[in-house]
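User: Please take one close look at a single part of this model, starting from a loop and following the chain and its neighbours inward. I would like a connected account rather than a list.

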Amino acid sequence: MQQRVAVIGAGAAGLCAARHLSRDLTLFHPVVFEQSDCVGGTWVYTENTETDQYDLPVHSSMYSSLKTNLPKEIMAFPDFPFDKNLPSFIGHQDVLKYLINYSEAYELNKFIKFHTRVESVQLLVENGKIRWNVQFCNVKEKHVPHEKQVFDAVMVCNGHYAIPKIPNIPGLASFTGIISHSHTYRHAEDFQGKKLVVLGAGASGIDIALDLAKFAESITISHWKKTLKSTLPENMKQRASIQEVVKNEVVFSDGSREVVDGIIFCTGYNYDFSFLHPDCKLAVNDNRITPLYKHILHTHHPSLSFIGICSTICPFPLFSCQVRFVIASLTGSMQLPSKEQMELDIEKDYQKRLAEGLPNRHAHAMGPRQWQYNDDLCHLAHIQTVPDVVRKLYDAVHDERTWNVANYKKNNYKLIDDNTFDKLETAVH
């Protein structure tokens, strides 16, 4: 019997879901809800930073000069490579073109309701069977009444780079300079001659700091991590995390102080599941989402799933594993453990992270954990695993980034087979 599946979002995760759901239309009928007018999600660049033409919050966090921090050779979905003529580290425009090509190649647009925003997802019990009531509206025609449709399953693919997270810093309200977040950052030129603090030394924080260094007078990267080993531009330095702000002065936790023109927060994002009705019983506590088995399936109602909530990952290959894992659970080709067993698995994973010193907010962070995680999903679902060359190249790039952060994106790579890659001699300048 065909199952109707609602997919929320037509970014990379949602397109991957639609592609695999539509492989056998006797099993599934996917309906993808996308509030914008095109596919691509966060990869759709816009100059807008607050609201779009329909007065909706801007979803994208792309900035004009962004290049990927992973090579295209390992970014691709397993069955759909990037254009081989592109350099390894590509611009956001190239990724968006790739996703558009992916959608066209698998004829996914016919499953997508563009300009359609999901307002509510509510649990529905019919003859003892769990189903989902999805209410949605057309963002272009606000006078048109909201519609409702019933689905057998819901796959939430709405991303997590749209709701900026700004820490509560004493005195920040008194700051007289520029306060910005990576979500609204677009052009380094806007900060010509400024003295800036960039708070956060994750991938985005470092990349934005390097981008700003071309135009700003000085950049201070403030963070709680170990000191970066890489050579940095002459006008960049590192400081401890911010302790407080006093008017136009930033006080760092090591006691040092600096008068600055602006603070750029590269402090991450909050998840947004405001469209889920309370009866879905999803909890978000300091960016830890529960109760999700394998960071995907709701243990109370496994037909409600979440693709792509994990961070510090090689995203498209991981999305592919997660989507196929969900499909195996929906078809019954994979037998899920009991609710109690799934929740024990969640707790075991969480306690292991705490024992390793990770804060609660990193409950879904992967990093080196992602490879075993991907393998576990694939083995459980009896599906093909991610080739080991993806891990090997990811690790090689990560290692070079630690000592060559300003130049590692000039490198080019080539995959030889499922286990081997080459670093090409000709670099990008």
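Analyst: In this predicted model, P291 is found in the loop between strand 19 (288–290) and strand 20 (292–293), and the peptide bond that leads into P291 from T290 is cis, with omega near 0 degrees. On the other side of strand 19, the loop that joins this strand to strand 18 (283–285) holds D286. D286 is not a glycine, yet its phi is positive, at about 50 degrees. The side of the question that concerns exposure is settled by a relative accessible area of 43%, which makes D286 partly exposed, since buried means under 20% and exposed over 50%.

Further along the chain, T312 lies in the loop between strand 22 (304–306) and helix 5, and T312, also a residue other than glycine, has a positive phi, here near 55 degrees. With 48% relative accessibility, T312 counts as partly exposed.

The loop of T312 leads into helix 5, and from there the account can pass to helix 3, because helix 5 (315–331) is among the elements that cover the buried residues of helix 3, together with helix 1 (12–21), helix 2 (72–75) and strand 3 (112–113). Helix 3 runs through residues 92–105, and its 14 residues reach 20 Å from the first C-alpha to the last, close to the 20 Å expected at 1.5 Å a residue. Its buried residues are H92, V95, L96, Y98, L99, Y102 and S103. These residues cover an arc of only 155 degrees around the axis, and therefore they sit on the same side of helix 3. The general rule behind such a pattern is that an α-helix has 3.6 residues a turn, so residues three or four places apart point the same way. The face of helix 3 turned away from the buried side carries the exposed residues K97 and E104. Just after helix 3, E107 takes a positive phi of about 50 degrees.

Helix 1, one of the elements that cover helix 3, is mostly covered in its turn, with ten of its ten residues buried. Those buried residues are A12, A13, G14, L15, C16, A17, A18, R19, H20 and L21, and they pack against strand 1 (3–8), strand 2, helix 3, strand 3, strand 7 (153–156) and helix 5. Helix 5 therefore appears in the surroundings of both helices: it packs against the buried residues of helix 1, and it belongs to what covers the buried residues of helix 3.

Helix 5 also takes part in an open space. The second largest pocket has a volume of about 730 Å³. Of its 32 lining residues, E73, F77, P78, P81 and L415 are the closest to its centre. The elements that give two or more residues to this lining are helix 2, helix 5, helix 8 (388–403) and strand 23 (413–415). In composition, the lining of the second largest pocket divides into 17 nonpolar, six polar and nine charged residues.

An enclosed space completes this part of the picture. A search of the whole structure finds one cavity of 30 Å³ or more, and the volume of the largest cavity is about 40 Å³. Its lining is made up of V156, C157, N158, G159, H160, Y271, F273, F306, I307, G308 and I309, which divide into seven nonpolar, four polar and no charged residues.

Two other loop residues show how sites outside the helices are placed. T42 is found in the loop between strand 2 (28–33) and helix 2, and with a relative accessible area of 17% T42 is buried. Apart from neighbours within four places in sequence, T42 is in contact with H59, S60, S61, M62 and Y161. S174, by contrast, is partly exposed, at a relative accessible area of 35%, and its place is in the loop between strand 8 (163–164) and strand 9 (178–181). Not counting residues up to four places away in sequence, S174 touches V245, V246 and K247. The C-alpha atom of S174 is separated by 23 Å from that of T49, and these two residues are 125 residues apart along the chain.

Methods. Residues numbered from 1 in each chain as written. Predicted model: local features only at pLDDT ≥ 70, side-chain atom pairs only at ≥ 80, totals over all residues. Heavy atoms only, no water. Helix = DSSP H or I, 4+ residues; strand = E, 2+ residues; numbered from the N terminus. Expected span 1.5 Å × (residues − 1). Buried < 20%, exposed > 50% of the residue type's maximum accessible area, 1.4 Å probe, protein only. Arc of directions from axis to C-beta. Contact = heavy atoms within 4.5 Å. 1 Å grid on protein atoms, 1.4 Å probe; cavity = no way out; pocket = protein on both sides within 12 Å on 5 of 7 lines; lining within 4 Å. Points joined across faces, edges and corners; volume = space filled by probe spheres on them. Nonpolar A, V, L, I, M, F, W, Y, C, P; charged D, E, K, R; others polar.
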